[in-house]
Amino acid sequence: MAKKTIAVLFGGQSSEHEISCLSAVTIVNAIDTSVYNVVMIGITREGHWLLTDSTEAIKNGTWKNGSVHAVISPDAVRKEIICMERTGTRSIPVDVVFPVLHGLKGEDGTVQGLLELAGLPYIGCGVIASALGMDKLYTKIVVERLGIAQAAYLPVMKSQLSDMEAVTAGIEGRLSYPVFVKPSNAGSSKGISKAHNKKELQEALWKASEHDGKLLVEETIIGRELECAVLGGRAPEASGIGEILTAAEFYDYDSKYHDTASRTVIHPELPEGKAEEIRQAAVRIFKALDGYGLSRVDFFLEQNTNRVIFNEINTLPGFTGISMYPMLWNAKGMDISTIVAKQIALAYERRG
């Protein structure tokens, strides 16, 4: 049988550009090249789509110097990558797409919408789940309907910050310090701050507003940070549980990717029944958001009460060397090549 072509999209315009590149290298190296020709398309921070031919170029960043622009056509009949070279234009037929894009303009339903227009099978959640999962506020609204516990929260619009005194007074009237302030749409803990007083709260609101026009202020939950991986289509399954032991006050971007003292634990000891409660909640949330393919769902186990409290969902989790999603499935005997193969099969299954 002739090889099929899989396009791997990476990079992107979000604050998680660097992590996307690392994830893409892992995924490209896991694709079975006896079955697939791999076409790698990097998206620069400015939004240029560039063809590259090696994972080394992704690792060292030289792909950004490429001269061949390559975009996926929305034409559902042609199903092609259009390459624009100095000598002219050529097309590459494409069979399936793996959008290894984290954050805005990639994980939020935008690229998924393009792939729906193109009629191409693609890995991961669809438009609705991607958009809802990226937006922390709307995720919370959906989860509220499930009756699953989550932190108390207040939404704040960037436009409201022109009257900062009124905003902070409203927050202080509903929530006690310390509070977390987050952009509603951002990943890898970008733009998140913990505020212990009014001054820090105001600084945190401005910081979060640099990443999104919609902000979320949440009560602080004191407890263990636990994560669960979900994989599957119409009958998704949950992995075991992983625990984050962060060296920082909270698991922000630097502690995730730059602080070697932060670490993860697979199969942590938990009170009886709590692992299964988390696994069931993860699948329920995944289904409620119309998830498909893969997601990582994060929880707290509250100190003293042992309540399971939902934190957030990541619809395209990282695939770096320290990412929890592949580690959780590896603990159940599924290596990265198997995960990738299953995701590709699920992409075709959704189109079938």
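Biologist: Let's start with His-17: which side chain does its own side chain make a polar contact with?

Modeller: Quick background: this is a predicted model, where local features need pLDDT of at least 70, side-chain atom pairs count only at pLDDT 80 or more, and totals for chains, interfaces and linings use all residues. Residues are numbered from 1 along each chain as its sequence is written, and side-chain values use heavy atoms, with hydrogens and water left out. A polar contact is a pair of N or O atoms within 3.5 Å; within protein, one must be able to donate a hydrogen and the other to accept it, and residues adjacent in sequence count only if both atoms are side-chain atoms. His-17 has such a pair at 3.3 Å, and the partner is the side chain of Lys-64.

Biologist: And is His-17 buried or exposed?

Modeller: His-17 sits in helix H1; helices (H or I, at least four residues) and strands (E, at least two) are DSSP runs, numbered from the N terminus. The cut-offs are under 20% relative accessible area for buried, over 50% for exposed and partly exposed in between, using a 1.4 Å probe and protein chains only. His-17 has 1% relative accessibility, so it counts as buried.

Biologist: Which backbone nitrogen does the side chain of Gln-112 reach?

Modeller: Gln-112 belongs to helix H3, residues 110-118. With a relative accessible area of 5%, Gln-112 is buried. Its side chain gets to 3.0 Å from the backbone nitrogen of Gly-109.

Biologist: What volume does the second largest cavity have?

Modeller: On a 1 Å grid over the protein atoms alone, a cavity is a set of points where a 1.4 Å probe fits but cannot get out, and lining residues have an atom within 4 Å of a point. Points are joined across faces, edges and corners, and a volume is the space filled by probe spheres set on them. Gln-112 is one of the residues lining the second largest cavity, along with others including Ile-123 and Thr-315. The structure holds 3 cavities of 30 Å³ or more, and for the second largest the volume is about 50 Å³.

Biologist: Which helix gives the largest share of the largest nonpolar core?

Modeller: A nonpolar core is a set of buried Ala, Val, Leu, Ile, Met, Phe, Trp, Tyr and Cys residues joined through side-chain atoms within 4.5 Å. In the largest one, with 37 residues, Phe-98 and Tyr-325 touch the most other members. Several elements each supply at least two residues, among them strand S1 (4-11), helix H10 (324-330) and helix H11 (336-351). The largest share, 6 residues, comes from H1.

Biologist: How far apart in space are Asn-37 and Gln-303?

Modeller: Asn-37 is in strand S2 and, at a relative accessible area of 37%, is partly exposed. Asn-37 and Gln-303 are 266 residues apart in sequence, and C-alpha to C-alpha the gap is 50 Å.

Biologist: Which peptide bond is cis, with omega near -5 degrees?

Modeller: Head for the loop between helix H6 (164-172) and strand S9 (179-183), where you'll find Pro-178. The cis bond runs from Tyr-177 to Pro-178.

Biologist: What is the phi of His-267?

Modeller: His-267 is in the loop between strand S14 (263-266) and helix H9 (274-288), and it counts as exposed at 54% relative accessibility. Although His-267 is not a glycine, its phi is positive, at about 60 degrees.

How values were computed: On a 1 Å grid over the protein atoms alone, a cavity is a set of points where a 1.4 Å probe fits but cannot get out, and a pocket is an open set with protein on both sides within 12 Å along at least five of seven lines; lining residues have an atom within 4 Å of a point.
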